[in-house]
Amino acid sequence: MTIRAYRKDDREAVLALLRANTPEYFAPEEEQDLIRYLLHEAEYYFVLEAEGRIVASGGFNLLADKKEARISWDMVHPEGQGKGWGSALVRYRLQQMQAIPDRGTIVVRTSQLAWRFYERFGFRTKEVVKDYWAPGYDLYYMELV
């Protein structure tokens with residue numbers, strides 16, 4: 001297993017991860033949001049390679065105005081769920097974020113489908129917004145305690 005920085009030529013593999021997790025974890029309309037993120041908003045985005053291919057991805061952004069480090073776009077191929085790839089990627093990014101001086105609060109915005117996963121790392125739910133991402137996909141705004 002290797003975690004490395006995202007490259008532009010990883011785009012199709014990352015989109016394939018999203019499609020493999022749609023509609024289980026992501027709404028179909030979120031694909032355009034991910035494309036925009038990868039093209040224009042990704043600051044620190046990573047892929048996890050195992051078994052000779054990209055099997056997980058996720059990133060984080062620093063939001064200076066809110067003094068937040070925000071985890072973004074976590075995805076693990078369904079065949080790899082339960083293998084520790086998602087946990088390894090979260091731990092890697094938490095280490096990266098904690099090393100940034102004056103980074104502020106570490107947050108994740110997820111859904112009702114994944115919030116318990118983040119609780120294992122010390123995140124606590126601060127707000128829930130129904131149908132935020134798309135109908136049936138609620139926002140769980142969580143902070144690292």
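**Strand β4 and its surroundings in a predicted model**

In this predicted model, 7 strands form an open sheet with mixed pairing, and their order across the sheet is β1-β2-β3-β4-β5-β7-β6.

Me: What makes β1 and β6 stand at the edges of the sheet?

Reply: Strands β1 (2-5) and β6 (123-134) each have a single partner strand, so one side of each is left without a neighbour in the sheet. Between neighbouring strands of this sheet the turn is 25° on average, with direction ignored.

Me: Why is strand β4 called largely enclosed by the rest of the structure?

Reply: A residue counts as buried when its relative accessible area is under 20%. In β4, which covers residues 68-76, 9 of the 9 residues are buried, so the strand is largely enclosed by the rest of the structure.

Me: How do you know that β3 and β4 pair?

Reply: Two strands pair if at least two bridges are found between them. Strand β3 (residues 53-63) and β4 are joined over 7 bridges, in the antiparallel sense, and within this pairing Phe60 stands opposite Ile71 in β4. Strand β3 also pairs with strand β2 (residues 44-50), again over 7 bridges and in the antiparallel sense, where Glu49 stands opposite Ile54 in β3.

Me: What packs on the sheet here, and which strands does helix α2 touch?

Reply: Helix α2 (residues 30-41) packs on the sheet and touches β2, β3, β4 and β6, with its direction at about 125° to that of β4. Helix α1 (residues 11-20), for its part, lies across β2, β3 and β4 and runs at about 95° to β3.

Me: In which sense do β4 and β5 pair, parallel or antiparallel?

Reply: Strand β4 and strand β5 (residues 105-110) pair in the parallel sense over 4 bridges, and Ala69 stands opposite Ile106 in β5. Together with helix α3 (residues 85-98), these two strands make a β-α-β unit.

Me: Why is this β-α-β unit called right-handed?

Reply: The name applies if, with the strands pointing away from the viewer, the path from the first strand over the helix to the second runs clockwise. The unit made by β4, α3 and β5 is right-handed, so its path runs clockwise in that view.

Me: How do you know that His77, in the loop between β4 and α3, is buried?

Reply: The relative accessible area of His77 is 17%, and the cut-off for buried is under 20%, so His77 is buried. Leaving aside residues up to four places away in sequence, His77 touches Leu17, Ala20, Asn21, Arg53 and Val55.

Notes: Residues numbered from 1 in each chain as written. Predicted model: local features only at pLDDT ≥ 70, side-chain atom pairs only at ≥ 80, totals over all residues. Heavy atoms only, no water. Buried < 20%, exposed > 50% of the residue type's maximum accessible area, 1.4 Å probe, protein only. Contact = heavy atoms within 4.5 Å. Axes fitted to C-alpha atoms, helices over the stretch in contact; angles between N-to-C directions.
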